[in-house]
Amino acid sequence: MRPMIFVVDDDPAAVRLLRYTLEAEDFMVRAFSSAADLLDQGTQPHLILLDRGLPDRDGLELCAEIRQSPLWAEVPVIFVTGRTSETERVEGLRLADDYISKPFSPSELVARVKAVLRRTKQPDLFSRLIVGDLELDGESMQVHVQGRQVSVTLLEFRLLAYLALNLGRTFRRDQLLNAVWDAKFVTPRTVDVHVRRLREKIEIRPEAPRYVQTVRGRGYRLAPPALPVASPIRETRRAVGPWAGLASRPAAMRPAV
């Protein structure tokens with residue numbers, strides 16, 4: 001089946017360009033000119049392209065609502081917008097899976113769309129990972145801290161899962177970009193943004209992180225929990241999710257009980 005992409009933008013010229021570009025790559029496209037129009041839909045697309053400057057609300061607010069929707073919470077979102085300041089890009093990446101500035105290159109947009117869709121189609125390596133008080137569910141794409149569910153984006157989950165599957169190993173920013181983002185159009189700053197957001201969500205004291213730690217001059221790692229638990233617990237089932245390729249090397253793990 002051809003992937004369905006929802007385009008949410010009130011600029012007819014932008015919608016025409018997006019539709020032409022995506023349909024030329026064999027995507028199906030449905031366009032909506034406002035947040036209200038989108039929220040009236042009861043179908044689930046494969047991906048949403050979202051403008052920030054909608055007539056009835058800021059696209060950032062709409063993205064937050066999408067992340068809370070039972071129907072659309074797992075649908076990847078890419079901002080395609082004329083708001084290009086660093087602050088606005090950082091705000092967008094806190095919720096969305098990518099951020100494309102207008103005017104954009106059609107070929108770059110297609111490459112980014114395909115990269116996000118590849119990630120969401122890839123199979124899973126685990127159903128559950130436990131590292132100390134952290135629990136990652138690869139099937140529902142949920143994270144729990146001390147039994148409490150925290151809301152994370154697709155890329156935040158992938159980043160945390162990659163670090164958990166390689167517990168204690170330090171990765172440079174470029175290594176994380178290649179392993180988690182699978183895209184050529186992001187910068188090391190993107191890794192820093194997602195690490196900071198993860199810390200705000202899973203750490204008791206984000207300024208003194210217990211789990212996602214910075215190794216000065218080298219990069220980031222997920223620190224092993226204190227004894228007696230010294231390695232992640234992994235429960236493996238048939239591959240079922242968008243996290244394949246996250247384990248760069250075998251990790252010492254024992255079955256979950």
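The following exchange concerns a predicted model and the grounds for several terms applied to it.

Reader: Why is Asp 26 called partly exposed?

Author: The relative accessibility of Asp 26 is 46%. Buried requires under 20% and exposed requires over 50%; Asp 26 therefore counts as partly exposed. Asp 26 is placed in the loop between helix H1 (12-23) and strand S2 (28-32).

Reader: What is notable about the phi of Asp 26?

Author: Phi is positive there, at about 75 degrees, although Asp 26 is not a glycine.

Reader: What makes Gln 146 exposed?

Author: Gln 146 has a relative accessible area of 56%. The term exposed applies over 50%, so Gln 146 is exposed. This residue sits in the loop between strand S8 (142-145) and strand S9 (148-150). Its phi, near 55 degrees, is a positive value in a residue other than glycine.

Reader: Which bond joins Lys 102 and Pro 103?

Author: A cis peptide bond joins them, with omega at about -10 degrees. Pro 103 belongs to the loop between strand S5 (98-101) and helix H5 (106-121).

Reader: What is the mean pLDDT of the chain, and where is pLDDT below 50?

Author: The mean for the chain is 83, and 82% of its residues reach 70 or more. Residues 227-232 have pLDDT below 50, and this stretch has 13 contacts in the model beyond near neighbours in sequence. Residues 248-257 also stay under 50, with 25 contacts beyond four places in sequence.

Reader: Why should the coordinates not be read in detail where pLDDT is low?

Author: pLDDT is the predictor's confidence in each residue, so low values call for predicted coordinates not to be read in detail.

Definitions and conventions. Residues are numbered from 1 along each chain as its sequence is written. This is a predicted model: local features need pLDDT of at least 70, side-chain atom pairs count only at pLDDT 80 or more; totals for chains, interfaces and linings use all residues. Side-chain values use heavy atoms; hydrogens and water are left out. Helices (H or I, at least four residues) and strands (E, at least two) are DSSP runs, numbered from the N terminus. Buried means under 20% relative accessible area, exposed over 50%, partly exposed in between (1.4 Å probe, protein chains only). pLDDT is the predictor's confidence in each residue, from 0 to 100. Contact means heavy atoms within 4.5 Å.
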